[in-house]
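Please look through the sequence and the model shown below before trying the exercises. Each task is followed by a solution that goes step by step.

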Amino acid sequence: MHCAQYTAGSCRSCQWLEKDYSQQLADKQHHLENLLAGQPVAQWLTPVFGRESAFRNKAKMVVSGSVERPLFGMLHRDGTAVDLSDCPLYPASFAAVFAVLKVFIARAGLTPYNVARKRGELKFLLLTESTVSGELMLRFVLRSETKVEQLRKTLPWLQQQLPLLRVISVNIQPVHMAILEGEQEIPLTEQQALEERFNQVPLYIRPQSFFQTNPDVAAALYATARDWVRELNIGSMWDLFCGVGGFGLHCATAETRLTGIEISAEAIACARQSAEKLGLKQVSFAALDSTRFATGETEVPELVLVNPPRRGIGAALCGYLSQMAPPFILYSSCNAETMAKDIAALADYRIERVQLFDMFPHTSHYEVITLLVRREPTA
């Protein structure tokens with residue numbers, strides 16, 4: 001993949017860009033195998049990968065520059081701005097959207113936030129595209145509510161220029177720190193969910209819900225989980241840290257009793273919407289802390305699926321899962337190092353199979369899914 005900003009030395013976010021892609025995959029696989037070297041693995045599956053460029057469905061842009069000439073991209077530590085409107089990680093359609101948004105910012109009088117001076121209003125733009133429809137979600141991250149009405153009045157022009165723009169909101173982030181968004185979200189359109197579809201499963205993206213940024217590889221990840229779980233012929237499962245329900249909704253059949261748990265109420269609203277559209281009657285989703293939920297339950301499901309943040313599931317949940325002893329655990333991770341520590345703590349389980357999914361080309365990061373099977377008790 002060629003990147004003009006990388007060649008110029010302006011952006012080095014893709015730290016492995018000069019490495020041949022086949023070597024990137026080999027290095028990631030080697031890293032994963034080293035992490036699990038102390039545990040026997042019954043089956044290693046071939047890494048899954050997708051496109052090397054234009055694979056992201058979401059752009060997170062720092063807004064800098066001036067109201068007349070805004071820049072979208074990133075800031076170096078010395079305050080130097082880099083415009084990444086032409087970043088090759090994004091779909092080709094994003095460049096035209098960014099061009100319109102730069103004009104809109106001037107029309108709406110949204111002054112980019114100046115980090116050094118602690119002045120201005122517009123901090124970030126978050127743009128998401130649905131791969132199934134091409135429809136867009138746009139979030140403006142502002143320092144305060146001062147410009148919200150002004151922005152709202154100018155929206156008809158923006159919507160006329162970008163007819164695929166369906167979901168628009170404002171997030172208020174008043175803190176002078178490198179924090180992407182705050183808790184307050186102000187909807188500017190009646191529609192507040194963008195529909196996506198992976199493997200014929202409808203999924204929904206709301207402004208404050210997490211969603212994978214590499215749709216092609218994410219679809220393959222969900223399909224793999226579905227296939228593995230169907231082979232087990234289970235009747236009940238928990239989906240902990242479930243997000244918008246991607247894993248659980250793929251794995252559940254009409255007969256499966258599924259409980260999905262996620263701390264984000266926005267994500268749970270998406271999961272419930274998907275379950276309703278699929279007509280699943282034995283599925284429930286709740287906005288709770290996954291560890292607190294699990295450790296307060298007495299019923300043991302046949303499978304527990306966990307998809308935690310980078311910190312992993314932690315000692316408390318590992319301990320409880322060991323005590324509860326479900327027959328199967330399906331562990332999906334964006335941080336193989338914490339996953340390896342958690343698996344080591346689950347001493348009563350053996351690793352049946354592992355597969356790497358390269359969600360983040362040109363970086364050292366990757367996703368991995370592991371099926372754990374409870375060992376037969378020894379006499």
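The exercises below deal with a sheet, the helices beside it, and a group of annotated cysteines.

The model is predicted, so local features need pLDDT of at least 70 and side-chain atom pairs count only at pLDDT 80 or more, while totals for chains, interfaces and linings use all residues. Residues are numbered from 1 along each chain as its sequence is written, and side-chain values use heavy atoms, with hydrogens and water left out.

**Exercise 1. Trace the order of the strands in the open sheet, and find its edges.**

Begin with the terms: helices (H or I, at least four residues) and strands (E, at least two) are DSSP runs numbered from the N terminus, and two strands pair if DSSP finds at least two bridges between them. The open sheet has 8 strands, in the order E1-E16-E17-E15-E14-E11-E12-E13, with mixed pairing. Its edge strands, each pairing on one side only, are E1 (41-44) and E13 (283-287). At one end of this order, strand E12 (residues 257-262) pairs with E13 in the parallel sense over 5 bridges, and Thr259 has Ser284 in E13 as its bridge partner.

**Exercise 2. Which strands does helix H5 lie across, and against what do the buried residues of H10 pack?**

Helix H5 (residues 215-232) lies across E14 (303-306), E15, E16 and E17, and runs at about 155° to E16; such angles run from 0 to 180 degrees between N-to-C directions, with axes fitted to C-alpha atoms, for helices over the stretch in contact. For helix H10 (residues 336-345), the buried residues (under 20% relative accessible area, with a 1.4 Å probe and protein chains only) are Ala336, Thr338, Met339, Ala340, Asp342 and Ile343. They pack against helices H2 (21-35) and H9 (314-324), and against strands E15 (328-333), E16 (349-357) and E17 (367-374).

**Exercise 3. Decide why the annotated cysteines can be said to gather at one spot.**

An unreviewed UniProt entry lists Cys3, Cys11, Cys14 and Cys87 under "binding site", and such annotations may be inferred rather than shown by experiment. These residues span 85 residues in sequence, yet no two of their C-alpha atoms are more than 10.8 Å apart, so they gather at one spot. Next, take two of them in turn, where contact means heavy atoms within 4.5 Å. Cys3, in the segment before helix H1 (4-8), counts as buried because its relative accessibility is 13%, and beyond its neighbours within four places in sequence, Cys3 is in contact with Leu17 and Pro88. Cys14, in the loop between H1 and H2, counts as buried at 12% relative accessibility, and, not counting residues up to four places away in sequence, Cys14 touches Tyr6, Leu89 and His362.

Terms used: Buried < 20%, exposed > 50% of the residue type's maximum accessible area, 1.4 Å probe, protein only.
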